[in-house]
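Hi,

Here's the structure I said I'd pass along. Have a look at it first, and my notes follow underneath.

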Amino acid sequence: MELVAQNRSFGGWVRRFRHRSNVLDCDMVFGIFLPPQAEKRKVPVLYWLSGLTCTDENFMQKAGAQRLAAELGMAIVCPDTSPRGTDLPGEHDSYDFGSGAGFYLNATQAPWSQHYRMYDYVTDELPRLVQAEFPVTRKAAISGHSMGGHGALICALKNPGRYLSVSALAPICHPSDCPWGRKAFSAYLGEDRKAWAQYDAAMLVGSAEERLPLLVDQGREDAFLDEQLNPDALKLACDQAGHPLTLRMHEGYDHSYFFVATFIEDHLRHHAQALGLI
């Protein structure tokens, strides 16, 4: 790994590293916040997945999570949102597909299948690297925003026992039935809707082997709420399956990091409780 940058923060460190990803067949950068407790002992870790157009830096710079994470003794790992430097045809043409829009799945269609395997990257390769290189325990939680909220939900639903807690802010709950999801899934996965269902939280809930409680926050003034996010589909699926869901709708809040920063403390405490920190 190559250290790209580091900043002292609330007694801990925000660091960025570059490494070669065998899964994605390209170089990747990720960010990690190590709380001051990590200088003396191993600490549990929260994986944060960001949304469309984002990189590893958005959450670290805008969410304001380091103060409480330092108090709790929680590491936070922020991967990028897609492979970088691959320059596939059409990869950079639109904000909602290709670069910055990996959707946390394993692409099966050429040319995307060579690099776009973000699901394997965030659930396997990156955690193994973090475990090997940093003072973290095997206790892990996962969360995210928008496309990253979709990613957090599917990673938890598809991997019983992997995470002790999961949450999401303004997630894409039913990507098989929204413009963002249909565009990405058809190109990455082809037209087989059964393949789409394997990366759709609203469709995975019914067959989930573990009933890990879901915490979801959503702003009512979110411009993407009705057309893209569809939390009602997730709620209906959870109600039908008896899957525990706390869905909180907030008047006046939009899709921005102002919204994320407002409620991130609730999410950190949700994960800290499951991780045995409080």
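Right after helix α5 comes G190, which has a positive phi, near 85°. Bear in mind as you read on that this is a predicted model.

The helix just before that glycine covers residues 179-189, and its buried residues are W180, G181, A184, F185, Y188 and L189. Looking down the axis of α5, you'll find these buried residues within an arc of 105°, so they line one face of the helix. That fits the general rule: an α-helix has 3.6 residues a turn, so residues three or four places apart point the same way. As for partners, the buried residues of α5 pack against α4 (147-158), α6 (193-197) and α8 (225-229).

Since α4 has come up, take a look at C155, which sits in that helix. Its relative accessibility is 0%, and because buried means under 20%, C155 counts as buried. Leaving aside residues up to four places away in sequence, C155 touches L49, Y119, V122, T123, I142 and Y163. In case you want a distance to go with that, the C-alpha atoms of C155 and A237 are separated by 17 Å, with the two residues 82 apart along the chain.

Now the pockets. The largest pocket has a volume of about 230 Å³. Three elements each give two or more residues to its lining: β4 (43-49), α3 (118-133) and β6 (136-144). Of these, α3 gives the most, with five residues. The full lining is V45, Y47, T123, D124, P127, R128, Q131, R138, A140, R162 and Y163. By class, that makes five nonpolar, two polar and four charged residues. You'll recognise T123 and Y163 from that lining, as both also touch C155.

The second largest pocket comes in at about 170 Å³. It is lined by 13 residues, and the closest to its centre are L52, T53, H145, S146 and H255. The split here is six nonpolar, six polar and one charged.

Last, the start of the chain. Strands β1 (residues 2-9) and β2 (residues 12-21) pair in the antiparallel sense over seven bridges, with R8 opposite W13 in β2. The two strands form a hairpin with two residues between them, and F10 in that turn has a positive phi of about 50°.

That's what I have for now. Shout if anything is unclear.

Cheers

Key
Residues numbered from 1 in each chain as written. Predicted model: local features only at pLDDT ≥ 70, side-chain atom pairs only at ≥ 80, totals over all residues. Heavy atoms only, no water. 1 Å grid on protein atoms, 1.4 Å probe; cavity = no way out; pocket = protein on both sides within 12 Å on 5 of 7 lines; lining within 4 Å. Points joined across faces, edges and corners; volume = space filled by probe spheres on them. Helix = DSSP H or I, 4+ residues; strand = E, 2+ residues; numbered from the N terminus. Nonpolar A, V, L, I, M, F, W, Y, C, P; charged D, E, K, R; others polar. Pairing = 2+ DSSP bridges. Buried < 20%, exposed > 50% of the residue type's maximum accessible area, 1.4 Å probe, protein only. Arc of directions from axis to C-beta. Contact = heavy atoms within 4.5 Å.
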